[in-house]
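The points below are offered as a colleague's note on the model shown here. They proceed from the whole chain to its individual elements and residues.

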Amino acid sequence: KQELEGELTPAALQVLTLVAYLGYPTREQISYIRGIQSTQSIRTLAVRGLITRVGEICSLTADSLKQLGITKVEELPEYEKMHKDLLDKLQERNL
């Protein structure tokens, strides 16, 4: 019940941002970029219906796009630059 109520924590917001800018990251990729285990934040976002998980792969839901006021992730601020920078960071570690 606690996961469904209240504002998102800074950790959950970081994870949501990474999912938005990376597209279809795995839990391992999210944790690597954050430098900390992200399982609980991923679970919270999934329970709230903001992301979906298929195995280890996470993605935004239509509801999360609606909450952000956008119709596609490319409308996010500096999407191309952030997407590329994050992918480059993951490629450094072959993730």
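How many helices and strands make up the secondary structure of the protein chain?

1. Overall architecture. The model is predicted. Its protein chain contains five helices and two strands. Read from the N terminus, the order of these elements is α-α-α-β-β-α-α.

2. Dimensions. The C-alpha trace extends over about 40 × 30 × 25 Å along its principal axes. The radius of gyration of the protein chain is 13 Å, and a compact globule of 95 residues would have a value near 12 Å, so the two agree.

3. Burial, surface and contacts. Buried residues make up 37% of the 95 residues of the protein chain. The chain exposes about 6,100 Å², and 53% of that area is supplied by carbon and sulfur atoms. Among contacts with a separation of 6 or more, 58% are formed by residues 24 or more positions apart.

4. Charges. The protein chain carries 12 positive and 13 negative charges. The mean positions of the two sets lie 5 Å apart.

5. Helix 1, geometry. Helix 1 comprises the 13 residues 10-22. At 1.5 Å a residue it should span 18 Å, and its end C-alpha atoms are 18 Å apart, so expectation and model agree. Just after this helix, Gly23 adopts a positive phi of about 100 degrees.

6. Helix 1, packing. Which residues of helix 1 are buried? They are Ala12, Val15, Leu16, Leu18, Val19, Ala20, Tyr21 and Leu22. The cover over the buried residues of helix 1 includes helix 2 (27-34), helix 3 (39-47) and helix 5 (79-92), together with strand 1 (51-54) and strand 2 (57-60).

7. Helix 2. The buried residues here are Gln29, Ile30, Ser31 and Ile33. Elements that cover the buried residues of helix 2 include helix 1, helix 3, strand 2 and helix 5. Gly35 follows helix 2 and has a positive phi, near 80 degrees.

8. Strand 2 and Ser59. Ser59 belongs to strand 2. Is Ser59 buried or exposed? With a relative accessible area of 14%, Ser59 falls under the 20% limit and is therefore buried. Apart from neighbours within four places in sequence, Ser59 makes contact with Val19, Gly23, Tyr24, Leu50, Ile51 and Thr52. One of these partners, Val19, is itself a buried residue of helix 1, and another, Gly23, is the residue with positive phi just after that helix.

9. The loop between the strands. Gly55 lies in the loop between strand 1 and strand 2. Its relative accessible area is 55%, so Gly55 is exposed. Gly55 and Thr26 are 29 residues apart along the chain, and their C-alpha atoms are separated by 8.6 Å.

10. Glu78. This residue sits in the loop between helix 4 (62-68) and helix 5. Glu78 has a positive phi, near 50 degrees, although it is not a glycine. Most residues other than glycine have a negative phi. Glu78 counts as exposed because its relative accessibility is 55%.

11. Helix 5 and Leu87. Leu87 is part of helix 5, an element that helps to cover the buried residues of helix 1 and those of helix 2. Leu87 is partly exposed, since its relative accessible area is 34%. Although Leu87 and Pro25 are 62 residues apart along the chain, their C-alpha atoms are separated by 9.8 Å.

12. The segment after helix 5. Asn94 is located in this segment. How far from Val47 does Asn94 lie in space, C-alpha to C-alpha? The distance is 30 Å, for a sequence separation of 47 residues. Asn94 counts as exposed because its relative accessibility is 73%.

Note on methods. Residues are numbered from 1 along each chain as its sequence is written. This is a predicted model: local features need pLDDT of at least 70, side-chain atom pairs count only at pLDDT 80 or more; totals for chains, interfaces and linings use all residues. Side-chain values use heavy atoms; hydrogens and water are left out. Helices (H or I, at least four residues) and strands (E, at least two) are DSSP runs, numbered from the N terminus. The expected span of a helix is 1.5 Å times one less than its number of residues. Buried means under 20% relative accessible area, exposed over 50%, partly exposed in between (1.4 Å probe, protein chains only). Contact means heavy atoms within 4.5 Å. The radius of gyration is taken over C-alpha atoms; the globule rule is 2.2 Å times the number of residues to the power 0.38. Accessible areas come from the Shrake-Rupley method with a 1.4 Å probe; for residues, only the protein chains shown count as cover. Lys and Arg count as positive and Asp and Glu as negative; His and the chain ends are not counted. The place of a charge is taken as NZ of Lys, CZ of Arg, CG of Asp or CD of Glu.
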